[in-house]
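This briefing goes through the chains, their contact, the sheets and the surfaces near DNA. Please keep the sequence and structure in view while reading.

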2 protein chains.
Amino acid sequence: MTVGEFKNWQAVQDEVRRRIHARIWAPGEMIPNEQDLAEEFGCARATVNRALRNLSDAGLLERRRKAGTRVALHPVRKATLSIPMIRKEIEDRGQSYGYERLLYRRGTPPEALLRQLKARESDHFVRVKSVQTADGTPFVFEDRWVNLTTVPGAAEEGFADTSANEWLLTHAPFTEGDIAFFAASASDEVAETLGCEMGAAIFVIDRITWDNDRSITSVRQYFRPGYRMQTSI
Amino acid sequence: MTVGEFKNWQAVQDEVRRRIHARIWAPGEMIPNEQDLAEEFGCARATVNRALRNLSDAGLLERRRKAGTRVALHPVRKATLSIPMIRKEIEDRGQSYGYERLLYRRGTPPEALLRQLKARESDHFVRVKSVQTADGTPFVFEDRWVNLTTVPGAAEEGFADTSANEWLLTHAPFTEGDIAFFAASASDEVAETLGCEMGAAIFVIDRITWDNDRSITSVRQYFRPGYRMQTSI
DNA sequence: TCTGGTAATATGTCTGCACATATTATCTGG
DNA sequence: CCAGATAATATGTGCAGACATATTACCAGA
């Protein structure tokens, strides 16, 4: 029994990680309860709790009251999927960022989109198409609908000079969002805007955000051919 | 001053969320310190700490010792990006799952991949190509390299009947991983395996996992045309 | 044997206190 | 006026104890 060596929750966490990893505690297997671990590690139960809770959040452990704690069979890794701030991404590469609004027109989204947005009859929308460039080369073509009823400030803004993404991020907080990633062949319009050939494979992101059941915006972003969205887990 | 109403950390968290959302505390603005909030909410400082820490983890707040806590200017949303367990995904749709190994051959990955893997001279690899089907229709075509040196059990396994993904998830725990998502045009081989036309836009995932600097596997998954990877934030 | 109630148990959380630590603000001497 | 030492402060964390809560295990009665 190693005693009195793990006195902070991070050390406990590391040790538990090590044991899981070294198969001392195999996947699916129960691990000792908090009280016993606290005694073994020479710390308070709260410290062990903090460590185990963290590992549970991370998906490495599964905990249930009374049932105890077991090593997860299929660890679920969580990746931070920040809403891509295109400007930041481009500037981080040392390239110059550009934004151009291509269209700004009030109107009503198609039926299917309205349903997805869970929009109300009274909601008014504006459609904004834009392109963002890196060193002058098209980077993303964006096709967006903004709900003017829930985001009234958007009507005055107009998004002529700054991307709707940035403006909305700071002016229209959202509580929920759906994201989808997929591949699509470049349509006529996409190909022309991005300066690529028709039919080229394009990485596309669909995103809808809500503020407690009130839709804020729906956006589809077409990335220039070859774009890779990367993250670590 | 609302007093004595928020006695658990979730209630405190909800109230703080509400205030941020209602612009009582605007983005970039400082919020009161933990002691004051604890007094206002009628609870212990530790409870406020737990709530604020959680919101900080969620990206809604930014905290720094001595400097205090402020509302994040650009909230970073985290999405759970579970490593897609194709079988589960297919079975959840009520479809029948199928797996077929197309190739199993020892060899050495190309130079570029070896570098990405941070592989050692002595590492041995096996290449596994496979296809997973939903109701008999091709769903994913997978091209994988497995490091036999770090995952010795893989040599006996062979992946003839079960997908390498599933086997590795439970038999080769990883500590780190890189993921990339992108779109590509279906090559000859991809088109034939997935039963689609050459040049079709295909959603592709590249993933490399490590066990403390020892590479485990590198995999490229080509999804059948029309596939959407979805998640919420 | 089955069923419903009860006890046991592991995790979840709160409290009050203490001290650690990072960072800012302030003061002091040159 | 500037630089470096020092104090002040907000968050980070640990501890012991207590109670809450979910869930399992067990037992008694039909």
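The points below are grouped by topic, after a short lead.

This is a predicted model, in which local features need pLDDT of at least 70 and side-chain atom pairs count only at pLDDT 80 or more, while totals for chains, interfaces and linings use all residues. Residues are numbered from 1 along each chain as its sequence is written, and chains are lettered from A and ligands numbered from 1 in the order in which they are written. Chain B can be laid on chain A with an RMSD of 0.0 Å, and a sheet of seven strands takes in strand 10 of chain B beside strands of chain A.

**Copies and domains**

- Laying chain B on chain A takes a turn of 180° and a shift of 0.0 Å along the axis (least-squares superposition on the C-alpha atoms of residues with pLDDT of at least 70 in both copies).
- The two copies are therefore related as by a two-fold rotation axis.
- Both copies use the same surface, since 100% of the contact residues of chain B recur in chain A.
- Chain A is divided into domain 1 (3-71) and domain 2 (86-223), with bounds from an automatic or database domain assignment.
- The C-alpha centres of domain 1 and domain 2 of chain A are 44 Å apart.

**Contact between chain A and chain B**

- The contact takes 37 residues from chain B and 37 residues from chain A; two residues are in contact if their C-beta atoms, placed from the backbone, lie within 7 Å.
- On the side of chain B that touches chain A, two or more residues each come from helix 7 (164-171), strand 7 (176-185), strand 8 (201-211) and strand 10 (228-232) of chain B; helices (H or I, at least four residues) and strands (E, at least two) are DSSP runs, numbered from the N terminus.
- Strand 7 of chain B gives the largest share of that side, with 10 residues.
- That side of chain B has 21 nonpolar, 11 polar and five charged residues; Ala, Val, Leu, Ile, Met, Phe, Trp, Tyr, Cys and Pro count as nonpolar, Asp, Glu, Lys and Arg as charged, and the others, Gly among them, as polar.

**The sheet of seven strands**

- The strand order of this open sheet is 4(A)-5(A)-6(A)-9(A)-8(A)-7(A)-10(B), with antiparallel pairing; two strands pair if DSSP finds at least two bridges between them.
- Strand 4 (97-107) of chain A and strand 10 of chain B stand at the edges, each with a single partner strand, so one side of each is left without a neighbour in the sheet.
- Neighbouring strands of this sheet are turned by 15° against each other on average, direction ignored (axes are lines fitted to C-alpha atoms, for helices over the stretch in contact, and angles run from 0 to 180 degrees between N-to-C directions).
- Strand 7 of chain A pairs with strand 10 of chain B in the antiparallel sense over five bridges, and A:Asp178 stands opposite B:Ser232.
- Strand 7 and strand 8 of chain A run antiparallel and are joined by 10 bridges; A:Phe181 has A:Ile205 as its bridge partner.

**The sheet of three strands in chain B**

- This open sheet has the order 1-3-2, with antiparallel pairing.
- Strand 1 (30-31) and strand 2 (61-64) of chain B are at the edges with a single partner strand each, so one side of each lacks a neighbour in the sheet.
- Two bridges link strand 1 and strand 3 of chain B in the antiparallel sense, and B:Ile31 has B:Thr69 as its bridge partner.
- Helix 3 of chain B packs on the sheet and touches strand 2 and strand 3 of chain B; the helix direction makes about 115° with that of strand 2 of chain B.

**Hairpin in chain A**

- Strand 2 and strand 3 of chain A form a hairpin with three residues between them, and A:Lys66 in the turn has a positive phi of about 65°.
- The two strands pair in the antiparallel sense over four bridges, with A:Arg63 opposite A:Thr69.

**Surfaces near DNA**

- DNA strand C is surrounded by 22 residues, the closest being A:Asn33, B:Asn8, B:Cys43, B:Ala44 and B:Lys66; a residue is near a strand or molecule if its C-beta atom, placed from the backbone, lies within 6 Å of it.
- The surface near DNA strand C has six nonpolar, six polar and 10 charged residues.
- Around DNA strand D there are 22 residues, of which A:Asn8, A:Cys43, A:Thr47, A:Lys66 and B:Asn33 come nearest.
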